[in-house]
Amino acid sequence: MKDLTFNRHRRLRQSENMRALVRETHLRKEDLIYPLFVVEGENIRKAVPSMPGVFHISMDNLKAEMDEIASLGIKSIILFGVPAEKDELGKQAYHEHGIVQRATRFVKELYPEMVVVADTCLCQYTSHGHCGIVKDGKILNDPTLDLLAKTAVSQAEAGADIIAPSNMMDGFVAAIRHGLDEAGFTDVPIMSYAVKYSSSFYGPFRDAAHSTPQFGDRRTYQMDPANRLEALREAKSDIEEGADFLIVKPALSYMDIMREVKDRFNAPVVAYNVSGEYSMVKAAAENGWINEQEIVMEKLTSMKRAGADLIITYFAKDVAGWLS
Ligand code: PBG
């Protein structure tokens with residue numbers, strides 16, 4: 001033993017205060033963006049069965065929800081709309097009085113400082129459940145861009161602070177940037193779902209948002225989970241087109257991608273901790289198989305360590321409470 005030489009890493013782990021001194025990554029309330037599902041109708045606060053703790057909320061119940069969110073110290077939300085009516089062209093997505101537009105106006109009036117992110121997509125609003133215009137069974141790219149730009153402008157007019165296009169048509173950042181600028185919204189940033197995989201982890205969200213495609217799947221526009229270089233091409237295009245933030249989605253199975261995107265591009269990186277990632281933890285926790293708080297904190301801290309600056313997560317309220 002006497003002649004052995006080795007490094008003593010345990011020196012820096014010997015007490016909680018010593019560990020705190022050398023901790024490299026910190027999760028803060030400011031990192032969290034909380035997703036909300038706003039639904040048309042009255043007096044609705046309906047649990048989403050596959051996502052315990054997540055609710056469909058109608059406008060008349062939004063104040064109570066926002067009071068809770070604000071009192072927890074959460075500073076940003078992302079709004080998803082569940083409209084009463086759907087049609088081929090997703091008209092409710094860009095209607096002046098669409099559910100997201102109304103909810104945005106309401107929240108900004110109530111809490112002007114709250115950063116409201118508007119998810120910009122068509123799938124919740126189209127009868128076929130696809131993220132673009134459908135013709136002869138094909139999802140059309142370029143004609144969809146006009147509708148996305150229209151949607152973004154209507155959301156900005158309602159007061160949205162950030163536009164978050166999630167629909168994965170080529171050129172959507174360019175089209176939305178152009179549309180926003182033309183309408184005078186040069187200061188409204190775009191948080192692009194730049195790297196969005198075609199993932200089974202979105203299953204519970206599609207129950208929640210009623211956005212399951214009625215035929216086929218999203219694999220002609222969302223990315224193949226097997227691809228890494230393609231993610232870098234997607235992120236590069238979006239930066240060139242004017243994206244201000246880059247989302248990587250889902251989070252947990254794509255930490256390698258998150259790290260590479262962070263290292264290669266000079267823009268804030270956002271991890272989307274998606275519905276399936278949430279539901280798996282909830283199910284295991286409800287069975288008493290895991291310690292929910294510890295697992296959630298470990299997961300979200302790991303996302304930051306992997307390069308995420310911000311995290312969109314259904315756990316935001318829980319985490320904000322734990323951090324208090
Ligand atoms: C809409 C959209 C989806 C999610 C966010 N925006 C679903 C999809 O692409 O099918 C998924 C979010 C989640 O699973 O939490 N395009």
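Tutor: Helices, which are runs of H or I over at least four residues, and strands, which are runs of E over at least two, are taken from DSSP and numbered from the N terminus. In this predicted model, Gly 132 lies in the loop between strand E5 (115-120) and strand E6 (133-135).

Student: What makes Gly 132 count as buried or exposed?

Tutor: A residue is buried if 20 or more other C-beta atoms lie within 10 Å of its own. Gly 132 has 28 C-beta neighbours inside 10 Å, and it therefore counts as buried.

Student: Which residues does Gly 132 touch, leaving out those up to four places away in sequence?

Tutor: Two residues are in contact if their C-beta atoms lie within 7 Å. On that basis Gly 132 touches Leu 122, Ile 139, Leu 140, Asn 141, Thr 144, Asn 167 and Met 169. Asp 161, which is 29 residues from Gly 132 in sequence, is 24 Å away from it in space, C-alpha to C-alpha.

Student: How do you know how compact the protein is?

Tutor: The secondary structure of the protein comes to 11 helices and 12 strands. The radius of gyration is 20 Å, close to the 20 Å that the globule rule gives for 324 residues, so the protein is as compact as a globular protein of that length. The C-alpha atoms fill a box of roughly 75 × 45 × 40 Å along the principal axes, and 44% of the 324 residues count as buried. Of the contacts between residues at least 6 apart in sequence, 74% join residues at least 24 apart.

Student: Why are helix H4 (residues 142-157) and helix H5 (residues 172-182) described by the angle at which their axes cross, and what is that angle?

Tutor: Their axes come within 8 Å and cross at roughly 45°. Angles under 35 degrees count as roughly parallel and those from 65 to 115 as roughly perpendicular, with the rest, short of 145, as oblique. H4 and H5 are therefore oblique to each other, and their crossing is right-handed.

Student: Which residues in H4 meet which residues in H5?

Tutor: From H4 come Leu 145, Leu 148, Ala 149, Ala 152, Val 153 and Ala 156, while from H5 come Phe 172, Ala 175, Ile 176, His 178, Gly 179 and Leu 180. By class, the residues of this contact are 10 nonpolar and 2 polar, with no charged ones. An α-helix has 3.6 residues a turn, so residues three or four places apart point the same way.

Student: Which residues of H5 are buried, and what covers them?

Tutor: The buried residues in H5 are Phe 172, Val 173, Ala 175, Ile 176, Arg 177, Gly 179 and Leu 180. Their cover includes E5, H4, E8, strand E9 (191-196) and helix H7 (229-241). Just after H5, Gly 184 takes a positive phi of about 95°.

Student: Why are H10 and H11 called oblique or roughly perpendicular?

Tutor: The axes of helix H10 (residues 292-305) and helix H11 (residues 316-323) come within 11 Å and cross at roughly 100°. Since the range from 65 to 115 degrees counts as roughly perpendicular, H10 and H11 are therefore roughly perpendicular to each other. At this contact Gln 293, Val 296, Met 297 and Leu 300 in H10 meet Asp 318, Val 319 and Trp 322 in H11, and the residues comprise 5 nonpolar, 1 polar and 1 charged.

Student: How do you know whether H7 and H8 are oblique or roughly parallel?

Tutor: The axes of H7 and H8 cross at roughly 40° and come within 10 Å. Roughly parallel would need an angle under 35 degrees, and H7 and H8 are therefore oblique to each other. The crossing is right-handed.

Student: What makes Asn 43 and Met 168 buried or exposed?

Tutor: A residue is exposed if 12 or fewer other C-beta atoms lie within 10 Å, and buried if there are 20 or more. Asn 43 has 8 and is therefore exposed, whereas Met 168 has 24 and is therefore buried. Asn 43, in the loop between strand E1 (32-39) and strand E2 (45-47), has a positive phi of about 55° although it is not a glycine. Met 168, placed in the loop between strand E8 (162-165) and H5, likewise has a positive phi, near 65°.

Conventions. Residues numbered from 1 in each chain as written. Predicted model: local features only at pLDDT ≥ 70, side-chain atom pairs only at ≥ 80, totals over all residues. Rg over C-alpha atoms; globule rule 2.2 N^0.38 Å. Axes fitted to C-alpha atoms, helices over the stretch in contact; angles between N-to-C directions. Left-handed = near helix turned anticlockwise from the far one by under 90°. Nonpolar A, V, L, I, M, F, W, Y, C, P; charged D, E, K, R; others polar.
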